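Notebook open, structure loaded. I want to look at some strand pairing and then at a domain contact.

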Amino acid sequence: MAELPPYPPIEPSEFDLVIVGTGLPESILAAAASAAGKSVLHLDPNPFYGSHFASLPPDDLSGFLDHPRPSSPDPAAASGGDDLAAASIDLRSLYSDVEISSFAPETLEQHSRKFSLDLSGPRVLFCADKAVDAILKSGANQYVEFKSIDASLVCDKGGNLVNVPDSRAAIFKDKSLSLVEKNVLMRFFKLVQQHFSGDGESDRISEEDLASPFVEFLAKMRLPEKIKSVILYAIAMADYDQEDKEACKIVISTKEGIERLALYHSSVGRFANAVGALIYPIYGQGELAQAFCRRAAVKGCIYVLRMPVIALHIDKESGEYRGVRLGSGQDIFSHKLVLEPSFTVPSSRGLLPQNSLMENAQVKAKMARGICILTSSLRPDESNFLIVYPPRSLYPEQVTSVRVLQIGGNLAVCPSGMFVLYLSALCDEASQGKKILHRAINALMNLDDSEISESTPASTVQTEEARADPLLLWRALYIQELTAGQVGTVSSTPMPDGSLGFNDALDATVKLFQTIYPHEPFFPETPAEDPEDDGALSVET
Amino acid sequence: MHGRPRTAPKPEDAAASAAKAQKLRALQSQFLSYHHSRIYTEEALDASAKLLEINPEYYTAWNYRKLAVEHRVGESGSSPEYVKSIFDEELKVVENALRQNFKSYGAWYHRTWVLSKGHSSLDHELRLLDRFQKADPRNFHAWNYRRFVAALLGRSVEDELQYTEDLIGNNFSNYSAWHNRSMLLSEILKKKEQESSSQDVISKEYEFVLNALYTDPDDQSGWFYHLWLLDQTFKVKAPLLVSSWPVPGFDLVVSGNVSFADHPLSSFSEFTVALERFPVVLYFNQNVEGVNSSTVTIQSTFVQNEDVTWKPLSLQNSPASKVWVGYLDLSGVDHHSSAPYTVEIKLGHHQGIMSSNGLQLSIPFDLSFTVSVKPLETQSSKDEKVAWEEDKFCACETHLQVAIPCLCYDGITVDNKYEPTTSDWQIGTIAEEISQIRNLLAISDSKIGKITLARLLMAHDAMSSPYATKTVHAEEVLGLYSELMKLDPSHYQYYKDERSLVLLQQLLSSRETLLRYCFCYRGITSPSAYGPICLRLNNQSISRMGSFDKLLWVQLLDLSDNELHSIEGMEALQLLRCLNLGRNKLRSFTSLDPLRYLRSLKVLNISHNEIGLHSIDTTRYSCSASPLSHNGEIIWSDDVFPPEDADVTNYWEAFMVFKSLELTQLDIVGNAVTNEKFKSFLLKILPKLQFLDGQNLHQI
């Protein structure tokens, strides 16, 4: 820590809550705890906000993927007092098999600060996402603006990308569905709608059906294959091949399936300016965490960036958590501590009750993520869109869906005229995950699968000048761990999950908040202090 | 804007609105004083602008502003910039008013007025409209204004069409957009000179709207547009003569030598009519104008073409009608000669008979028949009464059936050039839609889909058989309407009426089916061995009459024990003498209006109906029989005035129906209106009446 400039001591030195890491769950927590009147110290060892939910320029992003901290904490920690013992904090990397290829370093260099690449992409907000409600309730909407995702596409059996018929209007306009398919799909939508809004018992889907796998319910409703695939993978956003019982690690139940469908539908038309179900924050996903941090700061939360925590103080007698020692050498005491998921406290201390924050956490899977910088849009008339490749649509052994999000310069995530492509797929191990992403990239850029470049050694920057495809300037592929956060006196927030939206992350955050502060409301309904704040989400057209 | 419940105002709101009203009244009286003194100063204009911002519906203030604009423009020495600024100010006032209420008639009209003066820029208008059409896409004021602006801007129909497509794409329940689309397409179709290119346009629209019908069959907007398309496809173009009396080649026997009126039924024989004159009826497939002695020529030895006056048989006092009648005078005929006279009628050889959309009767039509005079030998009793009892009728014998002059107009038996008026494209399109709607109904239950299918099937039948002699789909259509009557009880009467018309079409479509309903009447003395032929469509659960083109020959008609509430169209049956409407659901005398045209009608049974039962006469509210349409005019010319002591004021409607009839027998018992007072009124206005409710008046 010798290189760090001396930092003035933080006043006061006792807090209700110390939070380390400024990812979205931590930031929401900070804002919620501050709104509930708690004194909160919010730290981040990084020089930027957002932790694993940050948006960064290419170089910073590759640096973060390789070494998640500017420097590792000093393990030699002194005890803060006679009755306190020091406990070390371990760091782990969430990322592995990082593979970064730059095909035009000069061009990138020239524009480097104009990029904000999402670490946990592809990720967007459903207009009816719980995160949107939290943004509105907390007042964070003052600090962030959104734009619509123009289109949502899905790859059909024939390998063609077609628009997802996700609403009444979209079904009407759809060119790929037959008339009968339109009727069948719309009737299914109405059935689900009636389940949620109808008053009679007859309108509701039976309990037995709700418990059954969604894929079986869709079959029972006699939906044709094509429509089944659209609903499962492009609307309910299922990851695993629901038709393949052996490979499918997460079977979506009918209850879950129709809830996701309902989320999608209540998203369409929620905001007048949003054309579809999905919106994306201008300047990238990192803006969301920052908006909550600013909200927390308004409520009195203290922020210190570039400040690592190097050890915990533990009560010698009870073994309970008392405080932290900062990289600056200062000791801070608090009742509770929340850590972002790269930190682990050796479990022998018995500090972490094993309460998992998320369901499906028992699934051992990893997330393969990819980022590409392109010089032109993959689709001539659209700049921001989502593409889903359902299982088996790229090749027979593909067991999970690939989601692809293109975001253009008009969302200020890259220089105007360029485009950023995010890809993700669940996988068991790195090579499988990368294969899926490679196949998807090749399919998108009309490349032959034979052109798959042999896996390059991890974390080397490589220049391939003779690359045939002028479209691709830069590419990052990496594998991210997926484990859920945990709750206790010392809690840890969940990692960016494998879903497209923020609903699951928000559920986990609310659960964490309610465990820490069981008697406090999560963002109480208060009249806006700022008269100009009309409580609406700003969606630019 | 739509479907929002009203909530009762809270007390504090009521107080606030009272204060607002107070303020408004003050402003209004100040404004009126400016208006009356013709003060057009800045201050006065401000007052009106303020007033309109609060209440854009105050039309006087808009008119004041128009006067002010004219005043100021006249005064200005007309520097163009100054004039423009005056008009621009008006646009601003309108915009403020619209912000208060974007459905204000006055504001939109004022804006139209300002722009039509041509001093203002139009650039802003489409953006303004976009805003209002976003606020409420079904705001018809905005749509009207859009059409006005689009015309001023000279925007192409194609651009506007694309705009409707976009809005329909956003929400295909937006009927305003569909409606505007139909308006624009009508323009395009008018311009398309080649048949095939307008066919392409219509086919594409069918494809387009089917997407809406399939996606949400419960939404009506698409169905209404579909109906409009069906209309465009089905549109019968040129007028066509579908039926006539007498039918071509018919040998008409005219008998009797004394005044017909005294012997109501004695002169029945095969097909005989009154001696003095007989009617020629021309029945077209649509309303036509221009039937007169120059477009229809009659060649005969006993009558001069110019002496025949053709009259439209139309309840509305309109120059166009589907049915035209001309009476041929027989006074010049030698009663003792039995040799038949030939009558030749030619029409369509010269231009002049045309439909409401200006199309000429395209197929020339010649019809000839013979007339022979047979003096009446047997004189029957004056007191003979027509009784409708079951045992008075017996089945027609085969040799008699041959004489029934029905169903000549199937395009084959008529010796005329018959050219199909419908194209393969039309029939193909309808067939395609039938299969599409059938497929839809197989997977989705839809009332409006069922009625559309019924209409399509009937259109298909009508197209493949212009004289309605083939009813391939009638059974299916009847089934559809029966189903609808159960599914949708609130429109029961409509379905029932439609079903009745189809049923009649089916019953009267072929000779075999029709003959099942023809009976010989044996209730009166007749010169021939067999009695006159009566068409009995009783007890068929018919609620509306139709297919009159098949019934022009009928003299005795039994429609009793049905559910008729209207006899619209019956005016075509010029030969009708005896009509039984007993035990139906006629609600008023106005619903009997068509009877006024039936000069031959002598025997009428309207017993056991609902006349006088309902205080509100709904017939009056249907357009065809509006009390404002002055349809009594023709009758007054017959110099019929009420007897002085008749209680005309209380029974005006009854008087209007009966005054021109020379009934000898009337049954009216079992109606709420019937009482002694009414009966005495009837006796006064029907001097020739012999039987009233079965009672022989001459024996009292």
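Started with the pairing in chain A: strand β6 (residues 95-102) of chain A is joined to β24(A) by six bridges, and the two run antiparallel. I keep in mind that this is a predicted model. For the register, I picked out A:S96, which sits opposite A:I479 in β24(A).

Next I checked β19 (residues 366-374) of chain A against β24(A): nine bridges here, again antiparallel. The register point I noted is A:M367, whose bridge partner in β24(A) is A:Q480.

Is β24 of chain A buried or exposed? I looked up its residues, 472-481, and nine of the ten are buried, so the strand is largely enclosed by the rest of the structure. My cut-off for buried was 20 or more other C-beta atoms within 10 Å of the residue's own.

Moved over to chain B for the domains. I have five entries: domain 1 (23-155), domain 2 (172-235), domain 3 (241-378), domain 4 (424-465 + 471-507) and domain 5 (537-699). I went for domains 2 and 4 of chain B, whose centres, taken over C-alpha atoms, are 19 Å apart. How many residues does each put into the contact? I get 14 from domain 2 of chain B and 15 from domain 4 of chain B.

Then I asked which elements of domain 2 of chain B give two or more residues to the side touching domain 4 of chain B. They are α10 (195-215) and α11 (220-234) of chain B. Last note, on the make-up of that domain 2 side: I count eight nonpolar residues, five polar and one charged.

How values were computed
Residues are numbered from 1 along each chain as its sequence is written. Chains are lettered from A and ligands numbered from 1 in the order in which they are written. This is a predicted model: local features need pLDDT of at least 70, side-chain atom pairs count only at pLDDT 80 or more; totals for chains, interfaces and linings use all residues. Domain bounds come from an automatic or database domain assignment. Two residues are in contact if their C-beta atoms, placed from the backbone, lie within 7 Å. Helices (H or I, at least four residues) and strands (E, at least two) are DSSP runs, numbered from the N terminus. Ala, Val, Leu, Ile, Met, Phe, Trp, Tyr, Cys and Pro count as nonpolar, Asp, Glu, Lys and Arg as charged, and the others, Gly among them, as polar. A residue is buried if 20 or more other C-beta atoms lie within 10 Å of its own, exposed if 12 or fewer, and partly exposed in between; C-beta atoms are placed from the backbone. Two strands pair if DSSP finds at least two bridges between them.
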